[in-house]
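Visitor: Could you walk me through this one? I'd like to start with a helix and work outward.

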Amino acid sequence: MKNLDARSQFSNHPNPDMVTGTGSKKRHRAVHPASSATASSSSRPCVAVIIDSHARRPTHPDPKPIPSSTLKPNPTTPYSFDDPSSADVILRLFVDPSPLDPSATSLSLSPATTQPQDDVVLHLHAHALRRCKYFAALLSDRWQHPHAQDDAVRHISLRVPPTPGSMDARISLLQLLYTPDLASAIATVSTALDLLPVASELIFEDCVRFCLRFLEAVPWTQDDEARVLALIPHLSEDEAKDLIARVSGIPDSSEEMLYGLILALTHNPSMAFVKAFVAKLLREFGSRDLVERVLDRAFQTTFKVVKESMEEYTSPGVRGDHDETEAIQRLNLHTAMTNGKHLVWLVERMIELRVADSAVREWSEQPAFAADLQRAFRDDAWRNIVPGLPSILLRCTSRLANAVAAGTILVDAQVRKKLVKDWLPVLIVCKDTNTSPLTSSNKPLYLDLEEIFLRIISTLPMSDSQELLQQCLSFSTRNVEDCPHLVTAFNTWFRRATHPPQLQNLC
């Protein structure tokens, strides 16, 4: 916090000799412990003046020796806070009315004027006040009256802004000047936040350093963090650097964090619980564009691994009967299977958050990958290694195709056509190998995907749908009643094909 120069603040004040302090009685307010400060204090610079610097202390019934302003306290009998019997400084705290307050009147610097009710008078000691550089400057010989005695009582007025808690925060800080162990008095974030602005005003450097160290080291509530953020602009660069590092991320840090969490799913044994947690983070994240970028990036990375694994599995260069080749084949299939499961989860999240447009386009441009799958699934070698692999890849296709058919994802007709054209042969192979599990509606997965493909075909131009429907004849069964979806698709096409010529001309 930009420390105030106490000397420069005081240098423009009128000569102390011109101010008198006779006859006024100051109200002595009860003082609370340092930890009682509950509201943040203003960072407005305080203005102090020395008044009646050569006044004598009134006679006490049992007078004690008046300490010199340079006297060090005895460790065995330390001076007490607000002790009239030993004080050598009388500090008046007065509330400075807001200039916007119509009820505020001009405030005279003379202590002889009528005292406002919010004023507080404290009996303090110069040796304690000198822990603050601000008071040390005011109490220096520069401001000493030339005829003042060493045992003179100094009178200082300190202006307090009219914000809630400002008076309590300043009294609490003055109490800390008598406390050698700041850690015992500053034990909560709220206390540190209350004291830090005042400690900076009065240049109580030990307190400033401890408050900053305490705030950097302990957890904050959301309200605490808001107060810290409000304080940071008033701190110096060196003071604020640790707090800034805690609350300010580097560019793209959120994207890298989310992407890292998704990648971590592949290495966590409790994958189902972790996936549920990350899914919640994605749903509730504030920036949908950032979530889309992260999911697209993860989808591309995972899909690439699946494609490369299947390409290596079906490559003639690694085919053979020896043990090493078999081990490589098993590794490729297991890699495809593991990443295929993650791919299903990613596709489901993208559809849920309506950011799957790029995934549909990517899935519809895979003729080479679809050909690899057909070759692989016609070979029985995979059955004893990864029997669920066809179902995993059909599930990805089904989720994306269903979102397209339902209008959740809007893509043009060419993308819809290529999606069916590339994946229809894979569906037919999987159906022939009888590897499709049941869906939630107790239908085989391949039957569910058949219906979805036929719905998409019904959205295409007549020439495109004619081409694809001819490839769907394998959807039929011995009993025509068991394939109503195919019957409906063909009936729909023929009904449209017989529309009046004038309607065709309009088209």
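Visitor: What span should the 12 residues of helix 15 have at 1.5 Å a residue?
Guide: The expected span is 16 Å, and the end C-alpha atoms of helix 15 are 17 Å apart, which agrees. The expected span is 1.5 Å times one less than the number of residues. Helices here are DSSP runs of H or I with at least four residues, strands are runs of E with at least two, and both are numbered from the N terminus.

Visitor: Any caveats on the source?
Guide: This is a predicted model, in which local features need pLDDT of at least 70 and side-chain atom pairs count only at pLDDT 80 or more, while totals for chains, interfaces and linings use all residues. Residues are numbered from 1 along each chain as its sequence is written, and side-chain values use heavy atoms, with hydrogens and water left out.

Visitor: Which residues of helix 15 are buried?
Guide: Phe369, Ala370, Asp372, Leu373, Gln374, Ala376 and Phe377. Buried means under 20% relative accessible area, exposed over 50%, and partly exposed in between, with a 1.4 Å probe and protein chains only.

Visitor: And what covers the buried residues of helix 15?
Guide: The cover includes helix 12, helix 16 (389-406) and helix 17.

Visitor: How many aromatic pairs are there in the whole structure?
Guide: The search finds 10. Rings of Phe, Tyr and Trp (its six-membered ring) pair if their centres lie within 6.5 Å; planes under 30 degrees apart count as stacked, over 60 as edge-to-face and the rest as tilted. One of the pairs is Phe303 with Phe369, edge-to-face at 5.5 Å centre to centre and 80 degrees between the planes. That pair links distant parts of the chain, with Phe303 in helix 12 (residues 288-314) and Phe369 in helix 15 (residues 367-378), 66 residues apart.

Visitor: Why does Phe369 count as buried?
Guide: Because its relative accessibility is 2%. Phe303 is buried too, with a relative accessible area of 1%.

Visitor: Got a stacked one?
Guide: Trp363 and Trp423 are stacked, 4.8 Å centre to centre with 10 degrees between the planes. This pair also links distant parts of the chain: Trp363 is in helix 14 (residues 357-363) and Trp423 in helix 17 (residues 413-433), 60 residues apart. Both Trp363 and Trp423 are buried. Ring pairs link Phe299, Phe303, Trp363, Phe369 and Trp423 into a cluster.

Visitor: Where is Gln366?
Guide: Gln366 is in the loop between helix 14 and helix 15. It counts as buried because its relative accessibility is 6%. Leaving aside neighbours within four places in sequence, Gln366 is in contact (heavy atoms within 4.5 Å) with Phe303, Lys307 and Asp422.

Visitor: Switching topic: which residues touch the most other members in the largest nonpolar core?
Guide: Leu295, Met310, Trp363, Phe377 and Leu389, out of 80 residues in that core. A nonpolar core is a set of buried Ala, Val, Leu, Ile, Met, Phe, Trp, Tyr and Cys residues joined through side-chain atoms within 4.5 Å. Apart from it lies another core, of 53 residues, including Leu124 and Ala185.

Visitor: What about charges over rings?
Guide: The charged end of Arg246 sits over the ring of Trp220, 3.6 Å from its centre. The charged end of Arg297 sits over the ring of Tyr259, 3.8 Å from its centre. The criterion is NZ of Lys or CZ of Arg within 6 Å of the ring centre and within 35 degrees of the ring normal.

Visitor: How many helices and strands are in the chain?
Guide: There are 21 helices and 4 strands, and 45% of the 507 residues count as buried.
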